[in-house]
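Biologist: I keep running into labels like "buried" and "left-handed" in structure write-ups. Could you walk me through how each one is earned?

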Amino acid sequence: MESPVRAEPATPTLAPRNHTPSLSPRAEAKEKRSEESEGTADECEAVDTEEDPICLSLLSKMTVFVEAPAEDASEKAAAEEAAAKERAEREAQRQLLATEELVYTERNYLRLLQVCTCTIRSNLQKLQPQLPNLDSMFLYIEEVIDVSGRLLSLLDQKQVTPHDPLFLETLCDAFLSLSTDIESAYKEYLSNYSNVTALENSYKQKEPLWTEMVKVIKSSAPEVNATSLSFFLVMPVQRIARYPLLLQTIMKHTDPGHPAYSLLEQTAHAAVAINCRINEYKRFREVADKYKKTETLTIRDKINRLNSHSIAKKTARLSQFIKHETGIAPKLVDEEFDALEGFFYLLENGIAVLHENVETYLSHLQEKRIRTLVHKPLCALRELLAGPRNLIRKRLDKLLDYELIEEKPSLSYDEQAVANTYKTINTLLLNELPQFNGLALTLLWGMLGAFSCLHKDLAADMEQLFQGFAQQLPHSSLEPNAFWEWAECSVLEGARMLESLCRNVEDQLNAPIVQPLSPGSQKCLKVLTDKHGSGKIYQLTGHVVGTRDLDLSLNRGELVAIISEMDTRGDRRRWLVDAGGPRGYVPSSKLVRYHQVTMAPPPSPHLTVTTMDCAGGVRRHSYTPDIRRHSFSPDTPQPVRTLSMTMPCLQVFAGYDFTARSSHEVSLRAGEPIRVLEPHDKRGSRDWSLVEVREQRGYVPSNYLAAVPTSMSPTTPYH
């Protein structure tokens, strides 16, 4: 068995001579570092050549870290694009819903209004007893229904749906084209809505009647469960205010880059402007309704209304008015309004004169058609004049108040309210008075045209009636052409004679107006005579048009009473007159003293008899035949009165109508028999006679009396 071999330590040996000597420690460290760097390079070369997997994974991770920021930016852009697209789709959906809401609610709104005006209204009209002023509840609602139906029809004509891109443009075009009609329809309805609610409240005061109305409303529209008419009638008030809200909602969800965005914005602004103008018009109407009412107050009511504020206000107005009249303060002049006011008063005067003439005409000729077609509309038109007249007067009062505060640098709340009221009334009159004047003039021309046509029909009836009696005329045997030629010549000859007579009468009377007064002028003459006396009554020789402050516009022949023969500045060319209502100045050259136009009646036998009374004087008696006076001595027991042998028996009649103007006079009717008590007045003037008629005594003009002989009878002397 072999024993293990034991290694023996090596013995050191000497180096050979040619061996390199050992290096210093510093050199050895430097050499060692150089060898390590070479080793590292060799290792890297080995790695590159061998492609170590660990190194490859590290390199791939470093590449991912470098490329990650670019991938995050693209993903973020994609996410933002998707969010914007989703937001645009959401806005488009909201726009579609708002558009559909506008169209759907408009159709439902129109349907409910039609149910109210057709079904419910017709059923309410069947109630017994009938509802008073039921038609006033539905005033102006037909215009609202019409304009709403036209709006929907314009949308239906284009045959586009809310999903169509062109629908928004079609909607805006339809609304803008009807904006004027929408405003005119809704502003009248909204202005009258307060009357609708007041009338419905009056129905509610009658409980049985209101119960029946509620039953009719529920049965006529069971799907809406309405319990009053105001449920339907308030819908136009709410609808006109919703148009701006709906259009603004659509615009809010519409992209500004949409082709119809600018048109939609214009439509929304137009809807807001319509509401503003309707509110302003409603405010004007409320002011007009407040001041145009005519109040009939007693003296006690007026006294009860007096307080410190009203007294101070009226005193300030009176002071300002006096300043205007005396020229101390200038008057605020508005030429446009002054022209409208003058035309209104001229129109009012013409309507009043025509009304009086038509009434006089109908009193002599009972024509039913004229009463229906002319007189009744004329009365209604005359009543309508009261509203504008009261507003014009109230404007003058507010103008005086406004002039007092106009110059103030700052106004209080009450003063600002006064200024706003004046501006509101002035603007209302400037806008509405021309329309009223035009419509009133059109109605006046229409009534005059109807009057002319009825006269033409009456003349045709008379001609037809005349043909039945024409055979009895002495010239009926003539040929038609020859007969009408003869008739024309006779009429022309009579016209020439009448014209000559008129000229002679005019020359004799030397008066500017040679015709009897109309009934209206007679009333005016009576009022002026009672107030100022007959000595101050003057008549106009021509038309007068006022051109200065307080000048009157009067027609030829009108009567006035002289108040002062000069104006406030001492100018005698302008006289202050009273025209039976308005007072003002007229040129003195257009005035002449008025004297009653008379028509000479047949000669009346003013035969008087005188006899001695107990005092030895002369006493006049009433209408008696002429008696010659005989001389007698004091011894004679009594005078002898001798009558002629034959005298006509006379009956005195009233030749013309006469209206008493004072308590000393008595009224007459033409053809009425009367008894003459004294053929003169207390001063001995024969222009007036004391008569007795219908058991009443009074004075009448002597030339209004006519004596007609009835028979001839012999008379004998009497003692």
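Modeller: Here is a back-and-forth on the labels, one piece of the chain at a time.

Modeller: One thing up front: this is a predicted model. The protein chain has 18 helices and twelve strands, and of its 719 residues, 32% count as buried.

Biologist: Okay, start with A174. Why is A174 called buried or exposed?

Modeller: A174 sits in helix α5, residues 167-177. Its relative accessibility is 4%, and buried means under 20%, so A174 counts as buried.

Biologist: And what is A174 in contact with, sequence neighbours within four places aside?

Modeller: That would be L151, L154 and L155. A174 and L151 are 23 residues apart in sequence, with 6.2 Å between their C-alpha atoms. L151 and L155 are themselves among the buried residues of α4.

Biologist: What makes F175 count as buried?

Modeller: F175 is in helix α5 too. With 5% relative accessibility against a cut-off of 20%, F175 counts as buried. Beyond four places in sequence, the contacts of F175 are L151, I182, Y243, L247, T267, A271 and I274. As for L155, 20 residues away along the chain, its C-alpha is 9.7 Å from that of F175.

Biologist: Now the other side of the scale. How do you know whether N133 is buried or exposed?

Modeller: N133 has 53% relative accessibility, and exposed means over 50%, so N133 counts as exposed. N133 lies in the loop between α2 and α3, and it takes a positive phi of about 60° although it is not a glycine. P129 is found in that loop between α2 and α3 as well, and the peptide bond from Q128 to P129 is cis, with omega near -5°.

Biologist: Why is R694 called partly exposed?

Modeller: R694 has a relative accessible area of 38%. Buried would need under 20% and exposed over 50%, so R694 falls in between and is partly exposed. R694 is in the loop between β10 (688-693) and β11 (696-701), and its phi is positive, about 50°, although R694 is not a glycine.

Biologist: On to helices. How do you know that the span of α13 agrees with what is expected?

Modeller: Helix α13 has 30 residues, which at 1.5 Å a residue should span 44 Å. The end C-alpha atoms of α13 are 44 Å apart, so the two agree. Helix α4 (residues 141-157) gives a similar check: 17 residues, and 24 Å from its first C-alpha to its last, close to the 24 Å expected. Just after α4, Q159 takes a positive phi of about 55°.

Biologist: What covers the buried residues of α13?

Modeller: The cover includes α14, α15 (386-405) and α16 (413-469). Among the buried residues of α13 are F337, F344, E348 and L354.

Biologist: How are two packed helices described?

Modeller: By the angle between their axes and the distance between the axes. For α13 (residues 335-364) and α14 (residues 368-384), the axes come within 10 Å and cross at roughly 145°. That crossing is left-handed. In α13, the residues that meet α14 include I351, L354 and V358, while those on the α14 side include I370, V374 and L378. The residues of this contact divide into eleven nonpolar, two polar and three charged.

Biologist: And what about α15 and α16, at which angle do they cross?

Modeller: Roughly 145°, with the axes coming within 9 Å. The crossing of α15 and α16 is left-handed. Its residues divide into 14 nonpolar, two polar and six charged.

Biologist: What makes a set of residues a nonpolar core?

Modeller: The residues have to be buried, be of the nonpolar types on the core list, and be joined through side-chain atoms within 4.5 Å. The largest such core here has 67 residues, and those with the most contacts inside it are Y186, L229, F232 and L233. Helix α2 (residues 53-125) gives the most to this core, with eleven residues. L229 is in contact with C116, I120 and L124, among others outside its sequence neighbourhood. A second, separate core of 30 residues includes L354, V374, A440 and L454.

Biologist: Last one: what share of the contacts with a separation of 6 or more comes from residues 24 or more positions apart?

Modeller: In the protein chain, that share is 64%.

Terms used. Residues numbered from 1 in each chain as written. Predicted model: local features only at pLDDT ≥ 70, side-chain atom pairs only at ≥ 80, totals over all residues. Heavy atoms only, no water. Helix = DSSP H or I, 4+ residues; strand = E, 2+ residues; numbered from the N terminus. Expected span 1.5 Å × (residues − 1). Buried < 20%, exposed > 50% of the residue type's maximum accessible area, 1.4 Å probe, protein only. Axes fitted to C-alpha atoms, helices over the stretch in contact; angles between N-to-C directions. Left-handed = near helix turned anticlockwise from the far one by under 90°. Contact = heavy atoms within 4.5 Å. Nonpolar A, V, L, I, M, F, W, Y, C, P; charged D, E, K, R; others polar.
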